[in-house]
Amino acid sequence: KENLKFSIDTLVFDTVFTTVGSTTLNFKFYNPSRQSLKVDEIELMGGASSPFRMNVDGVKSRFVRDVEMEGEDSLFVFVEVTLSVNNGVLPMIIEDKIRFRTNGKDQFVQLAVWGQDAYFHRNDLNEGIWPNDKPHVIYGFAAVDSAKSLTIQAGTDIFLHKNSLLYNYKGTLLIQGTKENKVTLQGDRLEALYDKASGQYYGIYFQEARPSVIEHLEMKNAIAGIHLFSRNTTFNDYTLTLRNSEIYNSSRYGVFIYSGARVKAENTALHGNGLHALLVLEGGAFNFNYCNLLNYFGASQSPAVGISNYFLNSATGNLNIGEITEGTITNSVVYGNLETELAIDTMEFNGQKLWQFNFSNCVIAKKENLTASYYTNIQWNKNPFFFDVFNRDFNYLESSPLSNAASSMYYLPTDFIGVARHPSTSDIGFLEKP
């Protein structure tokens, strides 16, 4: 038996929490059969606690039974929503759903209302400069299209709904936070329960992007953090330059470089991510200087840094081999709960080594393969003695191996929070000991 069809799958309202608002939208459901059809139940799933109200073919109720439909007929459902003052507690997007049961099968129409006074993005294209006087909420995606440029100013707060992403497709993304006014990215659920819940949204995705820059970004609770796919071969510069930023509590990765993308990172911390702080797969390029690449995420069995120049697709059996044109980590700490927090897996192609590595003046946890020529002045398996990694306190004891151990060859004058470094005796990592 055929079931219902619907004019939409999601009914989205746009309003604010800071006033008491009420609006009405509608959608239609159809009987696609030539035969009559009885809809057994139509239910507003949130019940009495839902801010939504529905009217099915003139019947106002949260639960409607036995709706008769003629063959190839359609009926309207009208939905209203009323929101009280937010007070900073409710989520930015409140959801419910209407359940239709026909012939023993349940079908659903999603309801979503945007709350709080904000700029809302729902599968839209963006360029120019985002204003920063109100938050930006992303539902689905906010995209930068090919050859376009988007600038996100200092002090901009960005909230992303479940599985949503900020998507740079062959364009330029400039995130211009400052030490005093960071740009923040997090999920759109504001209750305390979600403050440390990873995997709330996808992240920032670069696809064959033009050279982009991110500075002073604080990003938490994503799925993949910053994910970069391939590179725009028209440009020789890095796909992304990442400075003075912190990406943490992603369910999978902090930064994921795939299939040729190129990243330069300075004074940046990637920590508390479920699988890897940094993952490089099927080649690319990376240069991380004065960074903390850490893995203290619960019982994670994945190393903080995973590097490979190939990818075997288990679904298709295809083996793709790429080149790591630059593989540099300097003045940085790679550490965590495991004996080995740096894993390298490379494959030659026609007898050629398709990788270039330089690991210099770092503190690294690694059990084996400590004598390769690309390791210089590495302190192996020496605890950094951070104060409290689980509460994001990456200051360290005076006796830490990080102290005065950086190389002046890769010197940067200030650290993540603007503390001046001494040119000849600076510390390893994104923080300098005052």
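Glu72 sits out in the open, with a relative accessible area of 55%, just past the 50% cut-off that makes a residue count as exposed. In this predicted model, the residue belongs to the loop that links β7 (63–69) with β8 (74–83). Its backbone is a bit of an oddity too: the phi of Glu72 comes out near 55°, which is positive even though the residue is not a glycine.

A second glutamate invites a side-by-side look. Glu208 has a phi near 50°, again a positive value in a residue other than glycine, and its place is the loop between β19 (201–207) and β20 (212–215). How exposed is Glu208? The relative accessible area of Glu208 is 25%, so it counts as partly exposed, given that the buried class stops at under 20%.

Zooming out, the fold is strands without helices: the secondary structure comes to 42 strands and zero helices. Along the principal axes, the C-alpha atoms fill a box of roughly 80 × 50 × 40 Å. The chain has 434 residues, and 53% of them count as buried. As for the outside, the protein exposes about 19,100 Å², with carbon and sulfur atoms supplying 46% of that area. Contacts also reach well along the sequence: among those between residues at least 6 apart, 64% join residues at least 24 apart.

Strand β30 (residues 292–295) gives a good view of the interior. Both of its faces are covered, with Asn292 and Leu294 buried on one side and Leu293 and Asn295 buried on the other. Which strands pair with β30? One partner is β27 (residues 269–271), joined to β30 by two bridges in a parallel arrangement. Another is β35 (residues 333–336), which also runs parallel to β30 and is joined to it by four bridges. Leu293 ties the picture together: it stands opposite Leu270, and it also stands opposite Val334 in β35.

Next come the empty spaces. Rolling a probe the size of a water molecule over the atoms shows where such space is left. The largest pocket holds about 360 Å³ of space. Of the 17 residues that line this pocket, Lys196, Tyr248, Asn249, Phe390 and Arg392 are the closest to its centre. Sorted by class, the lining of the largest pocket has seven nonpolar, six polar and four charged residues.

The second largest pocket comes to about 150 Å³. Its lining is made up of 14 residues, and Asn395, Phe416, Ile417, Phe430 and Leu431 lie nearest the centre. Strand β42 (residues 393–396) gives the most to this lining, with three residues. The class breakdown for the second largest pocket is seven nonpolar, one polar and six charged residues.

How many cavities of 30 Å³ or more does the structure hold? There is one, and the largest cavity has a volume of about 30 Å³. Around it are Ala209, Pro211, Arg231, Asn232, Phe235, Asp237, Tyr238 and Thr239. By class, the cavity lining has four nonpolar, two polar and two charged residues.

Conventions. Residues numbered from 1 in each chain as written. Predicted model: local features only at pLDDT ≥ 70, side-chain atom pairs only at ≥ 80, totals over all residues. Heavy atoms only, no water. 1 Å grid on protein atoms, 1.4 Å probe; cavity = no way out; pocket = protein on both sides within 12 Å on 5 of 7 lines; lining within 4 Å. Points joined across faces, edges and corners; volume = space filled by probe spheres on them. Nonpolar A, V, L, I, M, F, W, Y, C, P; charged D, E, K, R; others polar. Buried < 20%, exposed > 50% of the residue type's maximum accessible area, 1.4 Å probe, protein only. Contact = heavy atoms within 4.5 Å. Areas by Shrake-Rupley, 256 points an atom, 1.4 Å probe, with all protein chains shown as cover. Pairing = 2+ DSSP bridges.
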